[in-house]
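This report is for a reader new to the structure. Please look over the sequence and the model first.

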Amino acid sequence: MISLSYAAYMKAPQSPIGPTVKDDKIVVEKVTDGLDIPTSMAFLGPNDILVTEKETGKVMHIVDGQIQEEPVLDVAVANSIERGLLGIAISKQPDGKAYVFLSYTESGNHEDGSDVEDNVEPAGNRLYRYEYIDGELKNPILLLDLTAEPENDRGEHNGGKIRIGPDNNVYFIVGEVGGHRTQAQNIEDGPKPNGLGGVLRITQDGDIVDPSNPIFGDESPLNLYYAMGIRNSFGIDFDPVTGDLWDTENGPTAGDEINMLYPGFNGGWALIQGNSKDDLIGTGATSDDLVYFGKSSYAEPKLSWITPIGITALKFMNSDKMGKEYQNDMFVGDINNGLLYRFILGGNRSDLSFDNGYSGNTALLTDKVVNDPKENQPFVFGEGFGGITDIEVGPDGFLYVLSYTGSLFRIVPASSSSSTASSGSMAESNPSSNIGTSSEEEEGQQSELSDNEEEQSNTGNGNSVPVVIQGLSGDRSYSPNPITIETGQTITWYNGDTISHSVTSGLDNSDDSGEEFDSKAIIPNQSYSITFEDYGTYPYYCFYHPSMVGEVIVK
């Protein structure tokens, strides 16, 4: 069995030169920064955006690139690991009202973070409907109340993304919340489904959709489910051409996925993750071993990753403002590497197509599995955003990208840019421009090694011992390995791979892991330096990919 990975909790930093994209006719503009761990966004109108902050429980208001001083709402949230204020969607009503739907892990004692500080159990994972009135969110109505109490004493897999469907109903995706194992997670002799681990669908008033024609069953909460067997997700969206719902799904140490959902979809978790033939989680299960209710059936992912990328947001570009070649394409983000991916749908739009529109070798993707991280490259569209938490299309028709680092970016044709930057292409590596509030320069991530100096930069230390991070190659992942130096010498690890890695002291699952030093995420083409002052032998590994191991010997 593959054990739970914590790589999803290590976020990619922004590139020091800012985000870039492959198309030299397009630039990346910074709308604003200074947000506090933002998770989701929704547009009230042009240049008028609401953004949720994970740990503060605040819904911030951004107008013309300026973060307003007062939030439109501040709720008390439990915020351990993936708990917090997580999702937002807006629905304009015929009578002029604006409904704002919010999902969050509600605090058990009306204080932010009390689950961390005082071990207070959360009140629940909840979906509310508010009204936007005079710059505030008012008149809350509780639509869904799901447990937030974990089975494994951790606060992960709460999902939280919300979409308003073409049918005007509310679609809400929730994970299995800290290791719940019910029949909704395909455990035949487990407890009955409890509303977790799937996509739930309700009307905007919180009622059951079409109760006379249930998908999984007419009993509660089966009558809420649109899809189940989902481990966790940070991204759902509807294809603007077909109306089909797609999602991203996070695997443990293997098996990130992109899926096309349908009424009755069963994703296979916790028996199948990734392509069923690969048996990535070692259960030996097939689709015949899953638990089916009503009209449900299993479907293979449209694409899966052997090595997780920490897949997050998903959005269809339902506009031609970035160029007609991008209209109706799917854009996806990740948290581990800060990469933005572009996918083209082929034929009847029920599959991803790698036959056109991509540069690079796509022949290896015919199995619909990314077996090696380098197979990502044909559909990498942008990089350097920092961990991406949401992607939206604004009323202006441009693509907006929200970063866990606190920044919001907009991708526009150079001809439409309000900045002086001439290009945002990855080839030219131009820094992003800033059209909103200014901010201090991003600081490199640093950790401590007693009195030793450490730094992460794009150039490293010219006087240091160079080491190249080559990728997933066991004890050959870091070259050279082992590294023998004398006290007072500096080592600089340069990431020569296409995905993020780390230099973390100790070994995977050891009690002292990361205590001596921890680079956090080193994104591609960046480096991390440490000066060692003390004698000793220092084993280290990659937090993302624990099979990658190295050793420093200080004489």
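The text below covers one strand with its partners, then a charged surface patch.

The model is predicted, so local features need pLDDT of at least 70 and side-chain atom pairs pLDDT 80 or more, while totals for chains, interfaces and linings use all residues. Residues are numbered from 1 along each chain as its sequence is written, and side-chain values use heavy atoms, without hydrogens and water.

**Strand β18**

Strands are DSSP runs of E with at least two residues, numbered from the N terminus. β18 spans residues 256–261, and six of its six residues are buried (under 20% relative accessible area, 1.4 Å probe, protein chains only). In a regular strand, side chains alternate between the two faces of the sheet. Asp-256, Ile-258 and Met-260 point one way from β18, and Glu-257, Asn-259 and Leu-261 the other way.

Two strands pair if DSSP finds at least two bridges between them. The table lists the pairings of β18.

| Partner | Residues | Sense | Bridges | A facing pair |
|---|---|---|---|---|
| β17 | 245–249 | antiparallel | five bridges | Glu-249 and Glu-257 |
| β21 | 303–305 | antiparallel | three bridges | Ile-258 and Leu-303 |

The hairpin of β17 and β18 has six residues between the strands, and Gly-255 there takes a positive phi near 95 degrees.

**Negative patch**

Asp-511, Asp-512, Glu-515, Glu-516, Glu-533 and Asp-534 form a negative surface patch (residues with over 30% relative accessible area and no salt bridge, like charges joined within 9 Å). Asp-512 lies in the loop between β37 (504–505) and β38 (527–531). Asp-512 counts as partly exposed because its relative accessibility is 42%, between the limits of 20% and 50%.

Key. Patch = residues over 30% accessible without salt bridge, like charges linked within 9 Å, V, L, I, M, F, W, Y side chains within 5 Å. Areas by Shrake-Rupley, 256 points an atom, 1.4 Å probe, with all protein chains shown as cover. Salt bridge = Lys/Arg side-chain N within 4 Å of Asp/Glu carboxyl O. Lys, Arg positive; Asp, Glu negative; His and termini not counted. Charge placed at Lys NZ, Arg CZ, Asp CG, Glu CD. Helix = DSSP H or I, 4+ residues; strand = E, 2+ residues; numbered from the N terminus.
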